[in-house]
Amino acid sequence: MKKLSLYHTPLNGTIEVPGDKSISHRAVMFGSLANGVTQIEHFLPGEDCLSTISCFRKMGIDIVQSHENVSVTGAGWNGIQEPKEVLDVGNSGTTARLLLGILAGLPNHSCLIGDESIGRRPMRRVTEPLREMGAKIDGRQDGQYTPISIRGGGLKGMHYQSPIASAQVKSAILLAGLNGIGETTVTEPHQSRDHTERMLLAFGAVVETNENTVSVKGGQSLTATSIYVPGDISSAAFFLVAGAITPESNITLKNVGINPTRTGVIDVLQQMGASISITNHQEKNFEPFADLHISTSNLKGIEISGSLIPRLIDEIPIIALLATQAEGTTIIKDASELKVKETNRIDTVVNELSKLGASIEATEDGMIIHGGATLSGNTVNSYGDHRIGMMLSIASFITEGIVEVENTEAIAVSYPTFFDDIQSLTKR
Ligand code: S3P
């Protein structure tokens, strides 16, 4: 539990947010599958990515991690051993779904479990197409929920028309496809984040992308490389919003990933009228990054929908808080995927922000937020969801009185140094 009383405390200065969660997971996974030693720099030592490391260690991979530096020694696909223990993915949906894709292509038996939240998250979105490719999968409610056991190998390539824009689904199928016979193609309704495609190129694979369709050929091996992980824009988003809504603030966030499949939050800030600028553009291993600058802004409400949604899906909780401070109404739609995240984020965002006095209502596929609210202190709860915990903590910058946030431990899933960074930006 954390008691926060930060009302109108200006945020000033420069920080570097921790490494990108999606890219950190993939660097460990692909390094484990590659031939040779992969060095990872600015790795995110959050609980989710540590779960990925622990799973691959149980499959015989030598991984040495020292804070943000990781070295992974892979011996190709055949270097993955059949695990003697159950693979525990903790709270991490990305670990669960991408791992299922990898395991589907290997002639081993494995069993996956996770925490209580993982036990509620839908897995049939990956187990069904992986079964179609030839993997033998069993699990609670016919493979919908963990525990899940899988016996892989002997896969055939397929063309999968995904009903949802999900990078986890796309990645699982493409990773299985690397071990299938023939070609594997995934088409999505809107493009989801493309870190798998970019990183596979860095590991020497051939991947073809055409708008919302991605293809790989089976029988490809990966070659070890060096990966620099840029700052996570999903973590930076909390401070972009804090800087925009708190008086007399001016913040620089260094080396933040600006992969266009992830920058929806920047588009939204710009459309709402925020003072945001981007400098010092760079690129390493096909991932662009830059420095982001934000200062206190006058904001107006907008509509957020369609192909923008997958480009900011993890930022919707903090965008909802941003919208409470805008002039006019913000409407978020086409976002029913929020219901199957670490919590049902339509419910948790609406319920917890309402407790602080926000004018916000849930809809079937999103929410409607009426701006211009003055928030007042109360006890709120993350319900074990890291992004809800961070959003409610940032709410204390615009809340008169004390915000008591319960279950803030969950924040370590993606941003272990979150409160240190708040302290560094608010010290005088
Ligand atoms: C992720 C994809 C997204 C995102 C999650 C990380 C990834 O999930 O919400 O935090 O690393 O591939 P979906 O694929 O379910 O949209």
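Select Arg26 first and display its surroundings: in this predicted model, Arg26 touches Gly31, Thr94, Leu98, Ala167, Ser171, His195, Thr196 and Met199, leaving aside residues up to four places away in sequence. Arg26 is found in helix α1, which spans residues 21-33. With a relative accessible area of 1%, Arg26 is buried, because buried means under 20% relative accessible area.

Next, extend the selection to the annotated positions. An unreviewed UniProt entry places the feature "binding site" at Lys21, Ser22, Arg26, Ser166, Gln168, Asp314 and Lys341. From this set, the lining of the largest pocket takes in Lys21, Ser22, Arg26, Ser166, Gln168, Asp314 and Lys341.

Within that set, centre the view on Lys341. This residue is found in the loop between β19 (329-332) and α11 (345-355). Is Lys341 buried or exposed? Its relative accessible area is 16%, and Lys341 is therefore buried, given that the term applies under 20%. Not counting residues up to four places away in sequence, Lys341 touches Arg121, Ile313 and Asp314. Asp314 is itself one of the positions to which the UniProt entry assigns the "binding site" feature.

Now turn to the aromatic side chains. The count of aromatic pairs comes to seven. Select Tyr228 and Phe289, which form a tilted pair, 5.1 Å centre to centre with 50° between the planes. The two residues belong to distant parts of the chain, 61 residues apart: Tyr228 is in strand β14 (residues 226-228) and Phe289 in strand β17 (residues 287-295). Both Tyr228 and Phe289 are buried. Add Lys284 to this view: its charged end sits over the ring of Tyr228, 4.6 Å from the ring centre.

Move on to Phe239 and Phe418. Their ring centres lie 5.7 Å apart and their planes meet at 40°, so this pair is tilted. Here too the pair links distant parts of the chain, with Phe239 in helix α8 (residues 233-245) and Phe418 in helix α13 (residues 418-426), 179 residues apart. Phe239 and Phe418 are both buried.

Finally, widen the selection around this pair. Which residues form one aromatic cluster? The members are Phe238, Phe239, Tyr415, Phe418 and Phe419. Add Lys2 to the display as the last stop: the charged end of Lys2 sits over the ring of Phe419, 4.4 Å from its centre.

Definitions and conventions: Residues numbered from 1 in each chain as written. Predicted model: local features only at pLDDT ≥ 70, side-chain atom pairs only at ≥ 80, totals over all residues. Heavy atoms only, no water. UniProt positions renumbered as here; feature names shortened; annotations may be inferred. 1 Å grid on protein atoms, 1.4 Å probe; cavity = no way out; pocket = protein on both sides within 12 Å on 5 of 7 lines; lining within 4 Å. Helix = DSSP H or I, 4+ residues; strand = E, 2+ residues; numbered from the N terminus. Buried < 20%, exposed > 50% of the residue type's maximum accessible area, 1.4 Å probe, protein only. Contact = heavy atoms within 4.5 Å. Phe/Tyr/Trp six-rings, centres within 6.5 Å; stacked < 30°, edge-to-face > 60°. Lys NZ or Arg CZ within 6 Å of the ring centre and 35° of its normal.
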